[in-house]
Structures are given as structure tokens and as C-alpha cells.
Amino acid sequence: FRREARSSCFKASEIAFLLALAYGLSWIFIFPSIYTTSERVTDLYFMANYYSGVTLPPPDHWFAGHSFDFYYAFQHYAAALMGRLFGWQIGFAYNIAFALLMALGLTLAWEFTTRFVASRLHRGMLILALALGGTGVSPFIQLFVSPGSDTPMSTLANDQMWASARFIGTYDLRANTELGRKLFPPLTAATKPSPDFEARDLPLENFGYQYFVGDYHPPLGGFLLLFLALALIAHLEQKRPDEALHARFAHGLLALTLPVTLITNAWIAPLMAVLLCTWAGWRHYRKAPPDWGAIIAGGALGLLLIYPFLTSFAYHVISTPIRLVRAMDRTPIAQFLLLLWPLLTLFGLALSAKRQ
């Protein structure tokens with residue numbers, strides 16, 4: 001890859017990475033403490049189990065006498081390994097790993113956009129939207145939930161950030177304006193599907209929200225692997241005849257993302273499989289099938305590398321069926337549209353204005 005490393009495109013990507021890293025480090029510099037809110041301490045405990053460098057699986061620091069073989073701890077292992085290699089204290093390694101993982105994700109998003117968007121201004125807009133943007137409900141929170149007159153600004157900002165991600169099932173129940181009560185009437189004994197019904201919480205924890213929460217949690221690794229898969233697909237869709245070796249490498253790495261997702265953010269592994277299979281099916285439909293040899297090799301290598309983890313984890317799994325949810329568990333249509341209208345708009349634009 002020496003030729004690519006000398007190219008202006010590569011240098012631009014490195015600049016994008018440094019800017020993204022600086023943005024993440026600014027958050028960490030302002031808020032360095034690993035608070036007990038959300039999952040910060042849990043993630044630190046995950047890292048601590050690996051920090052001694054003993055043979056895996058390590059002893060569990062929380063449940064003494066047991067081994068630590070939790071099912072989504074791969075990115076925590078990676079952060080602990082980085083901290084041990086550089087001799088960092090665990091809290092410092094936690095914060096650096098957070099900023100680094102987020103920066104790698106943003107840089108891959110930049111790499112993806114450079115394949116399709118010519119204007120740097122438009123590319124910058126896309127990356128800013130990813131790093132800073134909220135959900136469809138973000139601009140309208142105050143129309144539905146009116147804070148008290150004595151609410152401190154810091155409390156209000158914190159509350160509205162949480163509301164952007166966790167509106168359905170939490171903040172829609174707090175609607176206290178006329179419009180809010182009209183759109184999201186409070187539950188009563190007469191309107192509940194069952195006497196013991198509680199509203200289902202449906203969080204939508206987008207990329208920018210991760211900076212605010214500050215958790216070194218599986219969504220970070222999930223975003224990174226998703227953006228890596230998308231960037232590889234973009235590369236393969238625009239490959240040149242002289243890039244055959246690079247294309248084989250990209251196919252293998254693309255397949256490798258699936259088993260790594262399984263041990264990093266297991267909940268999205270089925271969706272990642274759908275993404276990769278859909279792309280492979282699309283290539284077949286276009287009479288340009290993917291390099292199955294490289295894909296099988298990459299996937300097999302990934303499964304081989306995580307096999308010890310899978311055999312250990314298999315002893316602790318529970319039978320969780322996949323089935324359609326009941327009507328009472330489905331997302332209310334009004335909240336669904338309010339939260340996802342930007343995404344639905346983009347779907348419509350993609351169908352009607354394909355070139356743009």
C-alpha cells in the first residue's frame with residue numbers, strides 16, 4: 001500500500017482522523033471522570049479483568065472465584081491490551097480508547113463519503129451531522145416537555161440530550177404541554193393493554209450521543225465495524241482493474257467484520273449478516289459476483305480466532321427464540337415517525353434522486 005500512503009487522498013484521511021481524534025479528546029479533557037452513571041464503571045470493570053495480562057479467561061474481579069467470559073468484551077480486551085503495551089493507568093487507557101474508537105469510526109465515514117461525494121463542503125456536512133446530530137425528535141423536545149422555570153441550564157441540556165435518544169417509552173410519558181398531551185396521551189387504566197402494562201423503552205443511541213454518554217460500551221465497536229464494512233463495500237464498488245490484490249484483501253476483511261461483531265456488539269450481528277448477504281446478492285444480480293474464496297477465507301479465519309471464546313461462552317447461553325413481538329410491544333406509530341422522520345426522508349430521496 002505504499003502508493004496509497006503517498007497519495008493526497010490518504011493524507012486527507014489522516015487529517016480527518018486527527019481532527020476527529022481532537023474532537024473526542026476535547027470531550028475527554030472536559031469530562032475525564034468515569035462516573036457511576038450509565039455504563040462507565042461497568043466498562044472500566046470489564047477492562048480491569050484483562051489488565052493483569054493473565055491467561056484468558058481471566059479471574060472475574062466482581063464475582064470472585066469465577067472466570068470473566070462475558071459475551072461482548074472484545075473491545076474492552078483491546079483497550080486493556082493497548083493500556084498494558086503503553087504502560088498507561090487504566091482510567092487513562094479507558095479515555096484514550098474511547099476517543100480513538102470514535103475517531104476511527106468518523107474517519108471511516110469520511111473515507112466512505114469520499115468515494116461518492118465530490119464536494120468537501122458536502123462531505124464535511126455529512127460528517128458533522130454524524131458527529132453532532134441527534135434524532136428526529138431533537139428539535140421538538142420543548143414542544144412536548146416544558147421544563148420548570150427554575151431548572152438549571154446544565155440540567156436542562158442533560159435532560160434534553162437523554163430525551164433525544166430515549167424519547168419513546170420514557171420522555172413521551174412526561175409530555176406536559178398541550179401539544180404533547182394531545183400527541184402522547186398519558187396511559188390510564190382504560191387505555192393500558194393489560195393491567196400491569198408498562199410503556200416499552202425504545203432507545204435510539206445514535207453516533208453523536210456516544211460522545212455525550214462517554215461509555216466505552218459495545219455501540220462504539222458496533223459503529224466502527226459497520227463503518228468499516230461500508231467503507232470496504234464502497235472500495236469494492238469502485239475498484240480498478242489494477243487493484244485485484246487489494247480487492248481480495250478487502251473481501252476477506254469484509255467477511256472478517258461479521259465474527260468480530262459477534263464478540264463486540266452481539267446484538268447487531270444478525271443485522272451485519274443481512275447487510276453483507278444483501279450486498280453479495282446485489283453483486284450476483286449485477287453479474288459481478290464477489291470473490292467467494294476471499295470471503296470464505298476471511299470469515300473462516302475470524303471464526304477460528306474467536307472459537308475459544310465461543311466454546312467458553314456456549315456453556316452459559318440461554319435459549320432465546322426469535323419471533324414477532326405482540327401488538328402491545330410494537331412501537332407506537334406517532335413516536336416512530338417523530339423519531340425516524342429524517343431517516344425515512346433519506347429513504348425517499350434515495351429512491352427519487354438516486355444520483356444525489
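## A first look: Glu237 and its partner

With a relative accessibility of 28%, Glu237 counts as partly exposed (buried is under 20% relative accessible area, exposed is over 50%, and partly exposed lies in between, using a 1.4 Å probe and protein chains only). Please keep in mind that this is a predicted model, where local features need pLDDT of at least 70, side-chain atom pairs count only at pLDDT 80 or more, and totals for chains, interfaces and linings use all residues. Residues are numbered from 1 along each chain as its sequence is written, and side-chain values use heavy atoms, with hydrogens and water left out.

Glu237 pairs with Arg286 in a salt bridge whose closest N and O atoms are 2.6 Å apart (a salt bridge is a side-chain nitrogen of Lys or Arg within 4 Å of a carboxyl oxygen of Asp or Glu). This links distant parts of the chain, since Glu237 sits in helix α12 and Arg286 in the loop between α14 (269-285) and α15, 49 residues apart. Helices are DSSP runs of H or I with at least four residues, numbered from the N terminus. Arg286 is partly exposed too, with a relative accessible area of 39%.

## More salt bridges

Side chains of opposite charge can pair when their charged atoms come close. By the salt-bridge rule, the count comes to 9. One of them joins Arg200 to Asp329, with 2.7 Å between the closest N and O atoms. Arg200 is in the loop between α10 (178-183) and α11 (207-213), and Asp329 is in the loop between α15 (292-313) and α16, so this pair ties together parts that are 129 residues apart in sequence. Both residues are partly exposed: Arg200 has a relative accessible area of 34%, and Asp329 has 24%.

Arg248 and Asp291 also meet in a salt bridge, at 2.7 Å from N to O. Arg248 belongs to helix α13 and Asp291 to the loop between α14 and α15, so the pair ties together parts 43 residues apart in sequence. Arg248 is partly exposed, at 45% relative accessible area. In addition, Arg166, Asp201 and Glu205 are joined into one network by salt bridges that share partners.

## The second largest pocket

The second largest pocket holds about 1300 Å³ of space. Its lining has 39 residues, and those nearest the centre are Phe10, Leu108, Glu111, Leu228 and Ala231. Elements giving two or more residues to this lining are α1 (2-5), α2 (8-30), α4 (74-86), α5 (90-114), α12 (218-237) and α13 (244-264). The lining divides into 24 nonpolar, 8 polar and 7 charged residues.

A few terms help here. On a 1 Å grid over the protein atoms alone, a pocket is an open set of points with protein on both sides within 12 Å along at least five of seven lines, and lining residues have an atom within 4 Å of a point. The volume is the space filled by probe spheres set on the points, which are joined across faces, edges and corners. Ala, Val, Leu, Ile, Met, Phe, Trp, Tyr, Cys and Pro count as nonpolar, Asp, Glu, Lys and Arg as charged, and the others, Gly among them, as polar.

## Out on the surface

Ile333, Phe336, Leu337, Leu343, Leu344, Leu346, Phe347 and Leu349 make a nonpolar surface patch of about 740 Å² (patch residues have over 30% relative accessible area and no salt bridge, with nonpolar side chains joined within 5 Å; areas come from the Shrake-Rupley method with a 1.4 Å probe). Phe336 lies in helix α16 (residues 333-352) and is partly exposed at 31%.

Note on methods. Patches are made of residues with over 30% relative accessible area and no salt bridge: like charges are joined within 9 Å, nonpolar side chains (Val, Leu, Ile, Met, Phe, Trp, Tyr) within 5 Å. On a 1 Å grid over the protein atoms alone, a cavity is a set of points where a 1.4 Å probe fits but cannot get out, and a pocket is an open set with protein on both sides within 12 Å along at least five of seven lines; lining residues have an atom within 4 Å of a point.
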